[in-house]
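Got a model open and want to poke at its packing? Let's go through it in questions and answers.

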Amino acid sequence: MGRRRASKVLLASTESFPSLPPRCPERQAGNYGRWNFNGGGPEVRPVLSAGSVGAVMSLPGCADQALHADAPHLYDHVHLPPYYVNLFVPAVADEGDTTFEVCIFSLPASAAGPFAEALANAREASQVGQTAFIPASHVMDACARLMDDANRSERLEQIVRPHLKLGDAILFDTRIIHFGLANRSSRGTRRPVLYVNYTQPWYEDKKNWERSLLFGDGGDQASRGE
């Protein structure tokens with residue numbers, strides 16, 4: 001339980017984030033370009049665009065994914081607020097870090113008794129994997145330091161693996177370094193992750209959403225990785 005709670009805190013921490021200037025109504029009035037593209041003018045806050053609900057599937061035997069970020073920074077010389085955010089919703093339980101599991105796992109098999117089935121299910125849930133993150137890596141200075149091979153130990157120490165229950169969701173800036181963990185299921189359990197992309201109205205992701213045929217002549221289906 002403590003690890004799950006710590007993961008949420010770390011992913012939301014702002015201690016190492018560059019400070020952004022406060023919102024200023026007087027300055028906002030000068031954003032006259034918001035009259036274009038049905039923006040409604042400087043006083044109207046733009047509405048994020050929500051993509052279609054999709055899914056990625058990790059099959060049993062899939063290895064750890066390579067470390068990656070889904071989107072680049074727009075400029076190298078300044079850190080800007082996010083323009084592209086992902087919402088991930090696991091569609092299979094991953095409660096491998098619960099107090100129940102820790103307590104039951106500590107019992108010898110002969111003492112598990114009526115907990116045997118629950119124990120097997122808990123072990124299976126802990127093997128399907130999840131998405132791991134490196135907090136603060138969406139900041140260029142922090143990312144450059146953490147991804148330097150000389151700092152490999154620090155990079156490994158910073159990785160967090162949020163264990164989510166069914167119905168939980170996680171939002172993350174697509175500039176953050178993350179990767180899908182291996183699916184080591186012994187029962188053939190697949191790990192589907194539902195997702196929705198939220199972007200500024202002017203942004204279109206043409207790399208992760210390259211059109212390709214996935215199901216023969218069934219039509220164009222957008223494809224992407226975790």
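What follows is a set of questions and answers on this predicted model.

Q: How many helices and strands are there in the protein?
A: Let's start with the overall picture. The protein has 226 residues, and 34% of them count as buried. Its secondary structure comes to 7 helices and 9 strands.

Q: Among contacts between residues at least 6 apart in sequence, what percentage join residues at least 24 apart?
A: Leu67 gives a feel for such contacts: this residue sits in the loop between β2 and β3, and beyond its neighbours within four places it touches residues including Met147, Arg155 and Phe179. Over the whole protein, counting contacts between residues at least 6 apart, the share joining residues at least 24 apart is 78%.

Q: Is Leu67 buried, partly exposed or exposed?
A: The cut-offs are under 20% for buried and over 50% for exposed. Leu67 has a relative accessibility of 33%, so it falls between them. That makes Leu67 partly exposed.

Q: Which strands each supply at least two residues of the largest nonpolar core?
A: That core has 10 residues, among them Val56, Phe133, Ile170, Phe172, Val193 and Tyr195. Ile170 and Phe172 fall within the 170-173 range of β5, while Val193 and Tyr195 fall within 191-199, the range of β7. The strands asked for are β5 and β7.

Q: How many residues does the other core have?
A: This one lies apart from the largest nonpolar core. Its members include Ile134, Cys143, Leu146 and Ile159. The full count is 8 residues.

Q: Why do the rings of Tyr83 and Tyr203 count as edge-to-face?
A: A pair of aromatic rings is described by the distance of the centres and the angle of the planes. For Tyr83 and Tyr203 the centres are 4.9 Å apart, and the pair links loops that are 120 residues apart along the chain. Planes over 60 degrees apart count as edge-to-face, so the deciding value here is the angle of 65 degrees.

Q: What is the angle between the ring planes of Phe88 and Phe172?
A: Here the pair joins strand β3, home of Phe88, to strand β5, home of Phe172, 84 residues apart. Both partners are buried, Phe88 at 3% and Phe172 at 5% relative accessibility. The ring centres are 4.9 Å apart and the pair is edge-to-face, with planes at 85 degrees.

Q: Which residues do ring pairs link into a cluster?
A: A search of the whole structure turns up 7 aromatic pairs. One of the clustered residues, Tyr83, is buried at 5% relative accessibility. The cluster consists of Tyr83, Tyr84, Trp202 and Tyr203.

Q: Which side chain makes a polar contact with the side chain of Asn86?
A: Asn86 belongs to strand β3, and its relative accessible area is 0%, so it counts as buried. The distance in this polar contact is 2.3 Å. The partner is the side chain of Asn197.

Q: What is the phi of Ala136?
A: Most residues other than glycine have a negative phi. Ala136 isn't a glycine, yet its phi is positive. This residue lies in the loop between β4 and α6 and is buried, with a relative accessible area of 14%. Its phi is about 75 degrees.

How values were computed: Residues are numbered from 1 along each chain as its sequence is written. This is a predicted model: local features need pLDDT of at least 70, side-chain atom pairs count only at pLDDT 80 or more; totals for chains, interfaces and linings use all residues. Side-chain values use heavy atoms; hydrogens and water are left out. Helices (H or I, at least four residues) and strands (E, at least two) are DSSP runs, numbered from the N terminus. Buried means under 20% relative accessible area, exposed over 50%, partly exposed in between (1.4 Å probe, protein chains only). Contact means heavy atoms within 4.5 Å. A polar contact is a pair of N or O atoms within 3.5 Å; within protein, one must be able to donate a hydrogen and the other to accept it, and residues adjacent in sequence count only if both atoms are side-chain atoms. A nonpolar core is a set of buried Ala, Val, Leu, Ile, Met, Phe, Trp, Tyr and Cys residues joined through side-chain atoms within 4.5 Å. Rings of Phe, Tyr and Trp (its six-membered ring) pair if their centres lie within 6.5 Å; planes under 30 degrees apart count as stacked, over 60 as edge-to-face and the rest as tilted.
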